[in-house]
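Colleague: I should like a close look at a single part of this model, the surroundings of the ligand. Please describe which residues form them and how the protein meets the ligand there.

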Amino acid sequence: MEFPSSLSSNERAFLHRAAQSLGYSSKSKGKGPNRFLTVTKKDGPDKPQHSMLLNPSHNTLFVIHNLLERFPISNKERVDMQLSTRSAASLVSEAENALDKNKASGRLNKGIPVVPPQRGSSEHDAFRCSLPVQEHKQEIIKLIRENRVVLVVGATGSGKTTQIPQFLLDECHKNHEPCRIFCTQPRRLATITVADRVAAERGENVGKTVGYHIRLESRVSPKTVLTFCTSGVFLRTLMAGDASLTTVTHVIVDEVHERDGLTDFLLTKLRDVLPKFPSLKLILCSAALDTELFRQYFGSCPVINLKGRLFDVKEFFLEDILKLTGFKKKEMMNHNAEAHETKNKQKSLTEWCETLKNTSVEEEEGTSALSRVPEDSSVLDGEDGALNSLPENNPEQLEPWLVREMDSCISNIFLNEDQDAFIQLFNLILYENMNVNYRHSETGTTALMVTAGQGFLTQMEQLLHMGADVNIKASNGWTAADFAKHFHQSESLELLKSFLEVCSPDGSTVEQQVTVESSNKEEELLKLYHQSFDDELVDLDLIMDLLHYICSTSSDGE
Ligand SMILES: Nc1ncnc2c1ncn2[C@@H]1O[C@H](COP(=O)(O)OP(=O)(O)OP(=O)(O)O)[C@@H](O)[C@H]1O
């Protein structure tokens with residue numbers, strides 16, 4: 001058995017005497033930090049070992065083969081496995097071998113308690129002091145000193161895992177008390193990261209004062225005082241015999257609230273063995289407030305409740321995030337260009353409506369219904385330009401003279417109430433195969449819309465019979481019914497209503513056709529986003545932009 005170099009000369013002298021009285025031989029070798037004390041049986045280390053025949057099953061061989069492929073053995077391990085005569089010079093490599101064997105078997109190494117070295121300073125010092133657990137440092141130390149089992153309850157992030165083991169290390173250093181601490185974690189990854197973090201907080205690298213041990217991997221040395229390990233590794237060590245706890249001073253079982261099988265089993269085992277090891281302290285850490293069960297299980301052990309670190313939760317919807325981050329995709333840009341075009345069309349239509357309104361006011365000197373533009377005229381400013389896209393309406397696919405003619409008919413009907421324009425319009429529809437739902441190239445209006453707006457009932461009926469669609473929206477989002485309503489053409493509205501009652505199988509009404517469009521910028525942005533991205537997918541670009549925004553605009557912990 002080898003003892004670590006950290007022993008004082010007095011301690012080494014004590015061990016030499018103890019070894020002698022028990023009939024063992026002991027020897028100190030090396031200088032300064034490399035001085036190790038080894039205790040061997042009188043027979044000497046060279047006594048040949050009894051060999052045992054191992055007959056692994058086919059299945060076992062298969063598993064071993066797989067494991068060796070995943071974790072190939074090093075040259076050194078290969079040499080060590082040869083049955084060679086072991087020389088005294090191989091004492092150090094023997095110790096390393098023992099570590100490796102324990103690593104593979106998933107059991108903790110043997111060791112003795114030592115006084116932890118003084119903590120070094122680190123960049124995390126200020127952060128550590130800000131953790132809620134710091135306020136309870138003295139209370140925690142006192143309770144652990146005075147009780148066999150202590151339960152610490154605190155919200156996630158209060159500092160239980162990283163700080164409580166360090167309180168013990170610092171306290172033992174201050175009082176020159178040897179200690180050997182194990183802290184169990186339910187997960188392998190957490191075991192490694194928390195060990196790394198605690199070592200860094202003490203200004204060290206992992207593997208010195210602070211180490212970790214998970215199955216098939218460990219970073220510990222004879223100087224390791226605090227070992228983070230998985231519940232599985234700790235349990236496996238206990239299964240090999242309770243004696244492994246002889247030199248352990250503190251066991252911290254973390255995340256007991258998770259109630260995973262291994263941790264629960266570990267707690268059962270630890271409760272059973274506690275009476276056998278009077279100097280062993282057990283600390284349970286839980287993030288859940290409902291801890292009565294654990295408290296009772298450990299004979300009404302004392303409980304420390306830590307305050308959590310609460311941060312304001314800000315709620316953002318997708319449209320807020322799009323606005324805050326200025327997120328733009330190529331597809332969104334394309335949609336934006338389309339939206340820009342629609343905006344121009346809306347502007348033209350607004351001008352049309354204004355012209356018509358002014359003309360009517362001049363004609364009817366304030367008594368006209370048109371002088372009382374209804375409250376909802378705000379829809380004219382609507383920025384949403386949800387145009388129905390019908391391929392036959394695309395002026396680019398039509399001959400230019402047809403576009404010119406159709407545009408002129410629609411604008412003349414609307415702006416000049418030109419009855420003759422109807423003759424030309426119907427000619428184009430009937431003889432030039434123009435679509436009855438053709439939309440004016442600059443405003444997106446259809447013949448039905450302008451006819452409804454002007455209250456030309458006979459022509460409206462004709463258009464409806466020719467298949468005019470009442471659902472089409474102009475560039476400002478208005479349907480024919482909106483035009484009728486806006487320009488107070490109640491008869492037009494009635495006609496559309498009765499037409500819908502007859503023709504609409506889904507029972508939609510004219511009231512439902514009257515569109516209330518929002519001018520909300522965020523909504524527009526949201527619509528643009530939805531048009532360019534499939535909601536079923538996760539938008540990693542947006543997430544990256546959001547993370548970047550959070551990192552660049554807020555300070556730590558906000
Ligand atoms: N590996 C790490 N890297 C960076 N910061 C860390 C790391 N580990 C912990 N921290 C920081 O230290 C704080 C306290 O962590 P700690 O794990 O001690 O809290 P805890 O109360 O045990 O929470 P939990 O119940 O989630 O384990 C965390 O909120 C985090 O800010």
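Modeller: Of the 14 residues around the ligand, those that come nearest are Gly 157, Gly 159, Lys 160, Thr 161 and Thr 162. Please bear in mind that this is a predicted model. By character, the shell around the ligand divides into seven polar, four charged and three nonpolar residues.

Several polar atoms of the protein lie beside oxygen atoms of the ligand. In the side chain of Thr 162, an N or O atom is 2.6 Å from an oxygen atom of the ligand. Glu 255 also takes part through its side chain, with a polar atom 3.0 Å from a ligand oxygen. Ala 155 contributes through its backbone instead: a polar atom there is 3.5 Å from an oxygen atom of the ligand. As for the cover that the protein provides, the ligand taken alone exposes 630 Å², and the protein buries 68% of that area.

Two elements give two or more residues to the shell around the ligand, namely helix H7 (160-174) and helix H8 (188-201). Of the elements, H7 gives the most, with three residues.

For completeness, I add a note on another element, helix H16, which spans residues 447-454. Eight of its eight residues are buried, so H16 is largely enclosed by the rest of the structure. The buried residues of H16 include Leu 448, Met 449 and Val 450, as well as Thr 451 and Gln 454. Just after H16 comes Gly 455, which takes a positive phi of about 75 degrees.

Terms used: Residues are numbered from 1 along each chain as its sequence is written. This is a predicted model: local features need pLDDT of at least 70, side-chain atom pairs count only at pLDDT 80 or more; totals for chains, interfaces and linings use all residues. Side-chain values use heavy atoms; hydrogens and water are left out. Buried means under 20% relative accessible area, exposed over 50%, partly exposed in between (1.4 Å probe, protein chains only). Helices (H or I, at least four residues) and strands (E, at least two) are DSSP runs, numbered from the N terminus. A residue is near a molecule or strand if one of its heavy atoms lies within 4 Å of it. A polar contact is a pair of N or O atoms within 3.5 Å; within protein, one must be able to donate a hydrogen and the other to accept it, and residues adjacent in sequence count only if both atoms are side-chain atoms. Accessible areas come from the Shrake-Rupley method with a 1.4 Å probe; for residues, only the protein chains shown count as cover. Ala, Val, Leu, Ile, Met, Phe, Trp, Tyr, Cys and Pro count as nonpolar, Asp, Glu, Lys and Arg as charged, and the others, Gly among them, as polar.
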